[in-house]
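Hi everyone, thanks for coming. Today I'd like to walk you through one structure, piece by piece, so please have it open in front of you.

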Amino acid sequence: RISEETSGRSEYNLRSPICCIMGHVDTGKTKLLDCIRGTNVQEGEAGGITQQIGATYFPAENIRKRTKELKADANLKVPGLLVIDTPGHESFASLRSRGSGLCDMAILVVDIMHRLERQTVESLNLLKMRNTNFVIALNKVDRLYGWKACDNASIVKAMKQQSRDVQSEFRMRLTQVVTEFKEQGINTELYYKNRDMGKGTFSIVPASAISGEGIPDLLLLLVQWTAKTMAERLTYSNEVQCTVLEVKVVEGHGTTIDVILVNGVLRDGDQIVVCGMQGPIVTSIRSLLTPDAMKELRVKGSYEHHKEIKAVQGIKITAQGLEHAITGTSLYVVGPDDDMEGIKEAVKGDMRSVMSRVDKCGEGVYVQASTLGSLEALLEFLKTPEVNIPVSGIGIGNVHKKDVTIASVMLEKKKEYATILAFDVTIAHDAKELADKVGVKIYTADIIYHLFNQFKAYIDNLKEEKKKLVAEEVVFPCKLKIIPNCVFNKKDPIVLGVEVLEGIAKVGTPICIQQSLVDIGRIAFIMNKDKSVDSAKKGQQVSIKIIGSNTEKQQKMFGRHFQLEGELVSKISRRSIDILKANYRNDLSVEDWKLVVKLKAIFNIQ
Ligand code: GDP
């Protein structure tokens with residue numbers, strides 16, 4: 001049994017919230033984390049701050065001291081705050097716990113000089129997807145021209161020290177940032193003005209990771225807010241909840257896993273089950289390690305051993321058989337009364353939940369990612385309506401020959417999907433060779449957006465090429481009315497002034513008389529006010545030249561085969577409609593498609 005006093009929870013029975021730092025590269029994520037840790041960590045005087053495996057722990061006492069100035073030190077209901085050490089959205093993506101995000105909260109860092117950037121938007125999408133709350137650190141305020149440094153002061157106090165010019169530049173830049181967030185569908189407000197926090201308006205904390213302004217505000221906001229709004233989620237539970245952060249080979253220990261223990265207790269010798277590439281891995285904890293507090297942080301590979309560890313903690317676990325463990329999955333402890341099969345099923349469920357997103361029967365690309373979490377994030381992204389790329393297969397880990405073989409199945413079904421989108425993984429040499437040989441495309445990137453852009457460019461290119469191929473056969477729908485007194489030539493060739501009643505008149509379109517369905521030839525030329533054009537839209541009046549097809553001995557003639565009253569329409573066929581649908585779906589408006597339907601009826605096409 002765990003003794004109540006040492007279980008790492010507050011008197012409110014809340015556990016420490018877990019926080020992740022996200023944002024675009026170079027916005028200052030690492031620097032911000034360093035700054036929150038404070039310089040005294042390096043000097044060995046940590047003020048209770050402890051370096052854990054993969055995370056840094058800030059006890060409430062430390063936060064209380066550092067936020068004194070904000071006069072809000074009364075009651076921090078959580079015992080402390082755990083910040084994940086690897087910043088970035090890729091790491092956030094892989095941090096999962098029992099089907100939802102591991103992080104209770106995130107800091108989204110935005111550079112005040114650069115505003116929203118690509119990865120900011122990507123991070124935002126991930127946060128929305130996981131339904132994770134966040135605060136925005138508007139970093140680098142010290143770069144405002146003329147900024148007077150007020151080391152580690154609250155932002156309200158620091159702002160008061162600034163000149164009018166600095167304040168006005170700040171307001172201008174803040175407004176831009178708020179506007180850009182709004183464009184992403186996110187309402188934001190300076191945190192001390194935000195009355196709507198937690199109800200749809202996100203807070204902005206201006207900060208500097210160099211001189212420390214705004215850091216107390218950020219810390220206080222995180223702990224106060226998490227405790228206030230997430231009491232249920234943060235209520236400590238004895239049931240083990242644990243997520244695998246990383247699988248690492250460590251000299252002298254073999255393959256180890258770094259985990260974050262969110263709830264419950266882990267003990268030396270516990271039987272555990274983790275998710276592996278070939279199914280659940282059942283093993284026993286050989287040792288529970290944390291960085292040696294007595295040693296300098298920079299000395300690597302020096303660990304303290306524990307008999308048992310309570311949540312919340314970042315821990316390194318050594319055990320046998322961890323080689324194929326998958327990061328971003330849950331670790332389960334098998335208790336004396338637990339049903340091993342049930343636990344194995346739960347582990348498989350983790351895998352299955354991701355697998356089930358893949359359309360088994362359908363056609364689509366092959367997706368490969370480094371972790372289950374990032375794979376999941378990537379699949380979610382591909383599914384969003386703006387992206388909408390179908391997936392037929394998935395894999396975790398580096399790309400091998402077998403993955404290329406699976407992807408190559410698409411070569412026969414749909415060539416453009418014979419593609420591997422590889423996220424944050426390496427491609428084995430022989431896999432690359434095989435891909436080149438058989439014609440499977442492999443795209444790699446560390447940023448989800450980049451992958452998408454590469455693939456989109458490829459697809460767009462293919463589409464254009466295909467359009468060129470079918471250009472001869474495609475027929476755009478149009479309905480034309482002959483303008484009186486504008487029959488310039490009755491035959492060989494027919495030259496008429498027409499008004500486009502519906503659809504698009506294009507050069508190359510075969511034309512029929514609507515009433516008799518008599519074929520009078522193809523549009524060879526369109527003139528719009530003395531200018532030759534490729535097409536004319538609804539409402540435009542143009543003159544067209546119609547040339548009879550070569551097979552006809554004699555071209556039809558105005559006055560004999562058709563009259564002024566007759567309307568002209570595109571001559572469509574089953575095949576031309578299919579081509580239109582396959583290649584030009586987005587080139588036609590809803591109205592144009594309605595005309596296609598009408599023409600189908602006129603030509604009695606099934
Ligand atoms: P990351 O890629 O987001 O982790 O960014 P880093 O923490 O590595 O910071 C990128 C660069 O910005 C470094 O040169 C930092 O020194 C600088 N930087 C970070 N925060 C601040 C800040 O608040 N003010 C200023 N002036 N520079 C900063």
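**A walk through the model**

Let's start with one pair of residues: Thr 290 has Glu 304 opposite it, and Glu 304 belongs to strand E17. Before we build outwards from there, please keep in mind that this is a predicted model.

So, the strands around that pair. E16 and E17 are antiparallel partners, joined by 4 bridges. Strand E16, residues 287-291, is also joined to strand E19, residues 313-318, by 3 bridges, and these two run antiparallel as well. If you want one place to look, take Ser 287, whose bridge partner in E19 is Thr 318.

Now zoom out a little. These strands belong to an open sheet of 8 strands with antiparallel pairing, and the order is E15-E14-E20-E11-E12-E19-E16-E17. Which strands stand at the edges? They are strand E15 (279-284) and strand E17 (303-306); each has a single partner strand, so one side of each has no neighbour in the sheet. From one strand to the next, the twist averages 40°. Elsewhere in this sheet, strand E11 (residues 241-250) and strand E20 (residues 330-333) run antiparallel and are joined by 2 bridges. There you can find Thr 243 opposite Ser 330 in E20.

Let's move to another sheet. This one is open too, with 4 strands in the order E22-E21-E23-E24, and here the pairing is parallel. At its edges are strand E22 (391-396) and strand E24 (441-445), each pairing on one side only. On average, neighbouring strands in this sheet are turned by 20° against each other, direction ignored. Look at strand E23, residues 419-423: 5 bridges join it to E24, and the two run parallel. One of the pairs to find on screen is Thr 419, with Lys 441 in E24 as its bridge partner. And there is a helix to go with the sheet: H10, residues 372-383, lies across strand E21 (365-369), E22 and E23, at about 145° to E21.

Next, a look towards the start of the chain. Strand E2 (residues 50-52) and E3 run antiparallel, with 3 bridges between them. Gln 51 stands opposite Thr 56 in E3. The two strands make a hairpin with 2 residues between them, and in it Gly 54 takes a positive phi near 75°. E3 has another partner: 5 bridges join it to strand E4 (residues 80-84), again antiparallel. In that pairing, Phe 58 is opposite Leu 81 in E4. Why is E3 described as largely enclosed by the rest of the structure? Because 4 of the 5 residues in this strand, residues 55-59, are buried.

Now a single residue, Leu 127. You'll find Leu 127 in helix H4, residues 118-130. Is Leu 127 buried or exposed? With 23 other C-beta atoms within 10 Å, Leu 127 is buried, because the cut-off for buried is 20 or more. Leaving out residues up to four places away in sequence, Leu 127 touches Ala 106, Thr 132 and Phe 134. Leu 127 also lies 9.0 Å from Gly 101, C-alpha to C-alpha, although the two are 26 residues apart in sequence.

There is a ligand here as well. Around it are 16 residues, and those that come nearest are Gly 28, Lys 29, Thr 30, Lys 31 and Ala 209. Helix H1, residues 29-37, gives the most to this shell, with 3 residues. By class, the shell has 4 nonpolar, 6 polar and 6 charged residues.

Stepping back to the whole chain: it has 16 helices and 32 strands. Of its 606 residues, 41% count as buried. Among contacts with a separation of 6 or more, 70% are between residues 24 or more positions apart.

Last, a word about confidence. The chain's mean pLDDT is 86, and 90% of its residues reach 70 or more. For the complex, the predictor gives an ipTM of 0.99 and a pTM of 0.70. Over residues 1-7, though, pLDDT stays under 50, and the model has 5 contacts for them beyond four places in sequence. Residues 40-45 are also below 50, and that stretch has 5 contacts in the model beyond near neighbours in sequence. Where pLDDT is low, the predicted coordinates should not be read in detail. Thanks for listening!

Methods:
Residues are numbered from 1 along each chain as its sequence is written. This is a predicted model: local features need pLDDT of at least 70, side-chain atom pairs count only at pLDDT 80 or more; totals for chains, interfaces and linings use all residues. Two strands pair if DSSP finds at least two bridges between them. Axes are lines fitted to C-alpha atoms, for helices over the stretch in contact, and angles run from 0 to 180 degrees between N-to-C directions. Two residues are in contact if their C-beta atoms, placed from the backbone, lie within 7 Å. A residue is buried if 20 or more other C-beta atoms lie within 10 Å of its own, exposed if 12 or fewer, and partly exposed in between; C-beta atoms are placed from the backbone. A residue is near a molecule or strand if its C-beta atom, placed from the backbone, lies within 6 Å of it. Ala, Val, Leu, Ile, Met, Phe, Trp, Tyr, Cys and Pro count as nonpolar, Asp, Glu, Lys and Arg as charged, and the others, Gly among them, as polar. pLDDT is the predictor's confidence in each residue, from 0 to 100.
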